[in-house]
Every structure is written in C-alpha cells, then in structure tokens.
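Here is a structure to read through by questions and answers. Each answer sets a value beside its definition.

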Amino acid sequence: MDYLKIVGNKKLSGEISISGAKNAALPLIACTILAKNETTINNLPNVADINTFLKLIKMLGGSFTKEKNSATIDTSTIDNTTATYDIVKTMRASILVLGPLLARFGHCEVSLPGGCAIGQRPVDLHLKALEQMGAKIEILQGYIKATAPNGLKGAKIVFDKVTVGGTENTVMAAALASGVTTIINAAKEPEIVQLCEVIASAGVKIEGIGTSKIIIEGTGGKLLDIKPFSVIPDRIEAGTYMCAAAITNQKLTIKDIVPAHLEAITSKLEEMNFEIDIKENELTIFPTSKILPVNIITTEFPGFPTDMQAQFMALATQAEGTSTIDERLFENRFMHASELSRLGAEIHINGNIATILGKKGSLTGTDVMATDLRASSALVLAALVASGETNIHRIYHLDRGYEDLEGKLLKIGADVKRLKES
Ligand code: UD1
C-alpha cells in the first residue's frame, strides 16, 4: 500500500490544470450501455474509479480500448446483466448500471451497495422511480433483481429528495422507455446536465436540462447513436486546488475549468477574504492579509457541495476565528475531523454541525489516515501548511478520484513523495 509524505510550508506558485470530472464520467460510461455503436469518451480522468467502471463494463460482456485520457467502449456484446457484490463493494457508483441495463435488456441484477464511510446512502429512490416506470423489483440475497419484460414505460416521477444518482439512473432508463418521463425535483448538478446533453445529442428529445423538471421522450427501446464527446472539468478537483492556494495563502492559477460550476466555492473563498480573478476557463487566487472564518451549509447544486466540505474544514483551521460547517446530505461525513485534530486542529462536532476554531500556523505534521476520497484531500491540504512532515496513509482513497495528485502538487512547488508502506 502507498502513503504520501508531505513536508509543509513550501512556497507554491504557478498553474494547475484540471482533469475531467470523475462524477460526470461514471454515469457517462454507464450511459454507453444504451448505445448501439462504439462510444468514444475523451478527457476521461485517469483515476481508479474510472478503471473500475470500465472493468464492470467488461464483466458484463462489453469491451473497451483505453488510452490515458480517452476510451472507446463497445457494449454491443453485453451478455451478462449482473453487477456482482465484488465490484459494487469497491465502487458504489456501480448502481448506475441499473437503469441502463434494465432499459436495454428488460432485466438485471445489481448488488445492493450498502452503507459506506460517509453514511447509509440508500438507493430506495432509484428503485421507486424504476418501479413507477413499470419495473418489478425484488431484493433477494443482497441483490436488486429488476425485471421489465415488456420494457419500461414513461412515467411522472416526483423525487422525495434531490438525488444525483437517482436522477441519473432515471434519465438513462427514460431514454429507452416508451413514452414520456417527467422527473420533478431532479438534481441540477453539471454532471447531470452533461449526461442529458450527451443523450439528447444522440437524438432523444429532452426538455428542462439543468432544471428541476426534466422531460424525456423515450425511444421505445431503440438504441442510441452516441457521438464522441469530452467529459466536463472536475469542479471538485478544481475546488480542492483552490483550497490549496487558500490554505497556503499563495497565488495559484487553476486552468481548464468552467467558472459557472464553481460559484458556490468561489463565493465562500471571497467571504474568507480571498481575491479571485475569474477568466473564461481559468481563475487565479491571490493571497490575503487575513483569512476570515466562514459558515457553510452543504446542499445540492448550485449550493455548496458536500464533496468540498472536508477541504473547507481544513482551510477553516487557518482562519482567524470560528467557522461552522453544517453537513446536510450525509450523516457521517466528519471522519476527517479527528484526523485533522491529530494535526493540531481544534474542531468540535455536534451532530451534523462542526465548529472549527481557526488559528494561523496551528498545525503540526504527524501520521494520519485517509477515510474516504474527499477526507483524504482535506488531509493533503492540511499537510501543506503543517509544520514538519505529515504521512498520509491509505491513500488508495485519493487515487479513486484525483488524477496525478503528486505530479500536480510537485509542479507548483510542494514537497510531496509517494512511498510504500513497509
Ligand atoms: C453523488 C456523488 C457524490 C456526492 C453526492 C451529493 C457521484 C458518483 N457521487 O452521490 O460524490 O457527494 O452526489 O452531491 O456522482 N438518498 C436517499 N435515497 C436514494 C438516494 C439518495 O435517501 O435512493 C439520499 C442520500 O442518502 C443523501 C442524499 O439523498 O442523503 C443525496 O444523495 P445522492 O445525491 O443520491 O448522492 P449520490 O448520487 O450517491
């Protein structure tokens, strides 16, 4: 297993280029199950979760060729509709094959994802939506067994809660259903916008893309002709490097981004007293004389993303004053707080609210353990300003979602090494 050794307080400068969005790429790979032709996806992030999803496509009987940042996927040979526990347990996003497999083959079996490090994460809303579209669903021996022998039918789906994965599964299922599906209270994340745009450019009529009401006219089983496309930039990777500039209080330019996807993050950094110069597809963050505390509530897009909460907690340790973070989406998403405390941070947790007593220069390097993907990036950020050496263990979590993290940090002047546990 690898770990990262970071020596803090180095002078950072220069530019970081942002990779394609993991959370956009995963549903887009699932969406190739709806295609009759080979699908080429460019600007794929070179991260473990993408390789795992491609492996899942292969386990189903599909094939792919992959270069560093692109893949051509052929799902015409799929002859197995079971996503097994072995793969789903390594990547919850495997649930995204449920909608497309059911829509195309009329049956499938997907292992229940179960809970994870950040909470219970049920998939009841995915299942309810598919049932409303005519699927019969049973849970047997830990597997979701879904059938729709006569195909899925368009329906009106009102989500009780805004769900990213639930909206994605429903959009993909609706694309091949017969008739019109209306999704009310749909998620509006940029990743969903891209999924809808790719499906729409393959000839499916979709209205309301990017709004909470999406209307999809299904093809009635006709497979799609998906043209080559490029994955949108990763707004969470961009936000993480924006926090790297902020926590070290140095000037950095973040390139290859869509600024409109980053508004909640830029506005919180501005509240913390950072000046940000925003151009068409890059932005520069400037050092500030005083980092101010901040209050954050995580919510759905366009609000502040839960996937940036841990990084802002690390940043808040360097603010002059008390910050609060109210985590509204996942019930157990403060595992990083105790690891940040091991570095010297003063953080109090009360239910879903974290209070961070910030103090510049308060962190000292030591050994810490990554617990989930974004928690790991918070530890990397903290290590960049901790005095001395920080060893971050279990970084396989980071490798799931950050392309070439060490390379990108080294390029801007950080002292970071990937080493093998003895
Ligand atoms: C996606 C992202 C994840 C991000 C999250 C919220 C991917 C691969 N993952 O996860 O990085 O943190 O959105 O922005 O894109 N819920 C239910 N029942 C369901 C589905 C969800 O109760 O059937 C609840 C969840 O427990 C959570 C909330 O709804 O409290 C939002 O979850 P959801 O948007 O579905 O998250 P994911 O799609 O799993």
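**Helix and strand packing**

In α8, Arg235, Gly239, Met242 and Ala246 meet Ile265, Thr266 and Leu269 of α9; contact means heavy atoms within 4.5 Å. This is a predicted model: local features need pLDDT of at least 70, side-chain atom pairs count only at pLDDT 80 or more, and totals for chains, interfaces and linings use all residues. Residues are numbered from 1 along each chain as its sequence is written, and side-chain values use heavy atoms, with hydrogens and water left out.

Q: How do the residues of the contact of α8 with α9 divide by class?
A: They divide into four nonpolar, two polar and one charged. Ala, Val, Leu, Ile, Met, Phe, Trp, Tyr, Cys and Pro count as nonpolar, Asp, Glu, Lys and Arg as charged, and the others, Gly among them, as polar.

Q: Why are α8 and α9 called roughly parallel?
A: Their axes cross at roughly 15°. Angles under 35 degrees count as roughly parallel, so α8 and α9 are roughly parallel to each other.

Q: What makes α8 roughly parallel to α10?
A: Helix α8 (residues 235–248) and helix α10 (residues 309–316) pack at about 0°, with their axes 10 Å apart. That makes α8 roughly parallel to α10.

Q: What makes β18 and β20 the edge strands of the open sheet with the order β18-β19-β21-β20?
A: Each pairs on one side only. Two strands pair if DSSP finds at least two bridges between them.

Q: How do you know that β20 pairs with β21?
A: Five bridges join β20 to β21, and these strands run antiparallel. The definition asks for at least two bridges. Ile347 has Ile356 in β21 as its bridge partner.

Note on methods
Axes fitted to C-alpha atoms, helices over the stretch in contact; angles between N-to-C directions. Helix = DSSP H or I, 4+ residues; strand = E, 2+ residues; numbered from the N terminus. Parallel < 35°, antiparallel > 145°, perpendicular 65-115°, else oblique.
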